[in-house]
Amino acid sequence: RKTAGRKNFEGPKTMEASTIFNRLWRLLCCSVGRNPLGVVALSCLVGLFSRAAFAEANSWSLNKEKGKAQRRSEKSQSLHEHTLLCRQCGRAIAQTTDLLSVPSRLATGQHNETLPGHRPMLVQHFVNPQGAHFDVITMSKADVLVHGKPVAEHSWFPRYAWQIAGCKQCNSHLGWVFQRTEEEDHSLLGAFTGLIRDRLIHEDLADSIVMSPQNTYM
């Protein structure tokens, strides 16, 4: 029967929950005056269902926000993570997210260089005892082949010993791996890699390399 003066009640936002809720609400309204105990029981059932439907809608909203955050994170990663390749053969050597600023007082010059889609990186100029000049960038890690034993003499980074680092594919000299000489001094980095800037190429500029890039970065 019709109930005068009854206002429409807006239930949960999900379609299925809203349909069930509205049916229970109509049943409750039609029961008024017939069975008071039934009305009480049905009203309790409606209350429980309302809370469950609200929790379901809230969970859906949280999952939606989590999905948005994940997509933002993936987009940010795709914008800022790029590969540096061996200019000679195209092998993947390092990721730009592993760039590390390790200033040295022995550098004869320094400047910042901006890579596509990434923050500025520190480029330092060094001269070895033979008079060879190198522009060097520092990385927390790089996929290189290390030659020889660590040598502390003529190191461009005091309290670090150096080893020659080469490309695992074409064996080109790419730079040096530096390891701290004082194991107990934890104020220093354990190790890092110095790569020669002009012996690398950004993946977006890979058209000028000899071979096609190989996705072998670990």
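Which residues does Gln163 touch, not counting residues up to four places away in sequence? In this predicted model, the list runs to Val146, His147, Gly148, Lys149, Pro150, Gly175, Trp176, Val177 and Gln179. Gln163 sits in strand 7, and strand 7 pairs with strand 8, so that's a handy place to start before moving on to the cores and the salt bridges.

**The chain overall**

- The protein chain has two helices and 10 strands.
- Going along the sequence, the order is α-α-β-β-β-β-β-β-β-β-β-β, with both helices ahead of the strands.
- Of the 218 residues in the chain, 35% are buried.
- Take the contacts with a separation of 6 or more: 48% of them are between residues 24 or more positions apart.
- The chain exposes about 13,900 Å², and carbon and sulfur atoms supply 55% of that area.

**Gln163 up close**

- Gln163 counts as buried because its relative accessibility is 8%, and the cut-off for buried is under 20%.
- The side chain of Gln163 makes a polar contact of 3.1 Å with the side chain of Gln179.
- Gln179 also turns up among the residues that Gln163 touches, along with Gly175, Trp176 and Val177.

**Strand 8 and its two partners**

- Strand 8 covers residues 173-180, and six of its eight residues are buried.
- One partner is strand 7 (residues 160-166), which pairs with strand 8 in the antiparallel sense over seven bridges.
- Within that pairing, Ile164 has Trp176 of strand 8 as its bridge partner.
- Strands 7 and 8 form a hairpin with six residues between them. In the turn, Asn171 has a positive phi of about 65 degrees.
- The other pairing to look at is with strand 9 (residues 191-196), which runs antiparallel to strand 8 and is joined to it by five bridges.
- Here Gly175 stands opposite Leu195 of strand 9.
- As a general point, side chains in a regular strand alternate between the two faces of the sheet.

**Nonpolar cores**

- The largest nonpolar core has 18 residues. Ile93, Ile137, Met139, Val144, Leu174 and Leu195 have the most contacts inside it.
- Strand 1 (83-86), strand 2 (92-95), strand 4 (120-127), strand 5 (133-139) and strand 8 each give two or more residues to this core.
- There's also a second, separate core of 13 residues, and its members include Val136, Tyr160, Phe178 and Phe192.
- Back in the largest core, Leu195 is worth a click: leaving out residues up to four places away in sequence, it touches Ile93, Ala94, Asp135, Val136, Ile137, Met139, Ala142, Val144, Leu174, Gly175 and Leu200.
- For context, nonpolar side chains in soluble globular proteins tend to be buried together.

**Salt bridges**

- The count comes to three salt bridges.
- Asp143 pairs with Arg91, and their closest N and O atoms are 2.9 Å apart.
- That pair links parts of the chain 52 residues apart: Asp143 is in the loop between strand 5 and strand 6 (145-151), and Arg91 is in the loop between strand 1 and strand 2.
- Both Asp143 and Arg91 are buried.
- Arg197 and Glu113 meet through their side chains at 3.0 Å, N to O.
- Since Arg197 is in the loop between strand 9 and strand 10 (200-202) and Glu113 is in strand 3 (residues 109-114), this salt bridge ties together parts 84 residues apart in sequence.
- Arg197 is buried, with a relative accessible area of 15%, whereas Glu113 is partly exposed at 24%.
- Asp143 also forms a salt bridge with Lys168, the closest N and O atoms being 2.7 Å apart.
- Lys168 lies in the loop between strand 7 and strand 8, 25 residues from Asp143.
- Asp143 has a relative accessible area of 7%, so it counts as buried, while Lys168 is partly exposed at 40%.
- Through shared partners, Arg91, Asp143 and Lys168 are joined into one salt-bridge network.

Key:
Residues are numbered from 1 along each chain as its sequence is written. This is a predicted model: local features need pLDDT of at least 70, side-chain atom pairs count only at pLDDT 80 or more; totals for chains, interfaces and linings use all residues. Side-chain values use heavy atoms; hydrogens and water are left out. Buried means under 20% relative accessible area, exposed over 50%, partly exposed in between (1.4 Å probe, protein chains only). Helices (H or I, at least four residues) and strands (E, at least two) are DSSP runs, numbered from the N terminus. Two strands pair if DSSP finds at least two bridges between them. A nonpolar core is a set of buried Ala, Val, Leu, Ile, Met, Phe, Trp, Tyr and Cys residues joined through side-chain atoms within 4.5 Å. Contact means heavy atoms within 4.5 Å. Accessible areas come from the Shrake-Rupley method with a 1.4 Å probe; for residues, only the protein chains shown count as cover. A polar contact is a pair of N or O atoms within 3.5 Å; within protein, one must be able to donate a hydrogen and the other to accept it, and residues adjacent in sequence count only if both atoms are side-chain atoms. A salt bridge is a side-chain nitrogen of Lys or Arg within 4 Å of a carboxyl oxygen of Asp or Glu.
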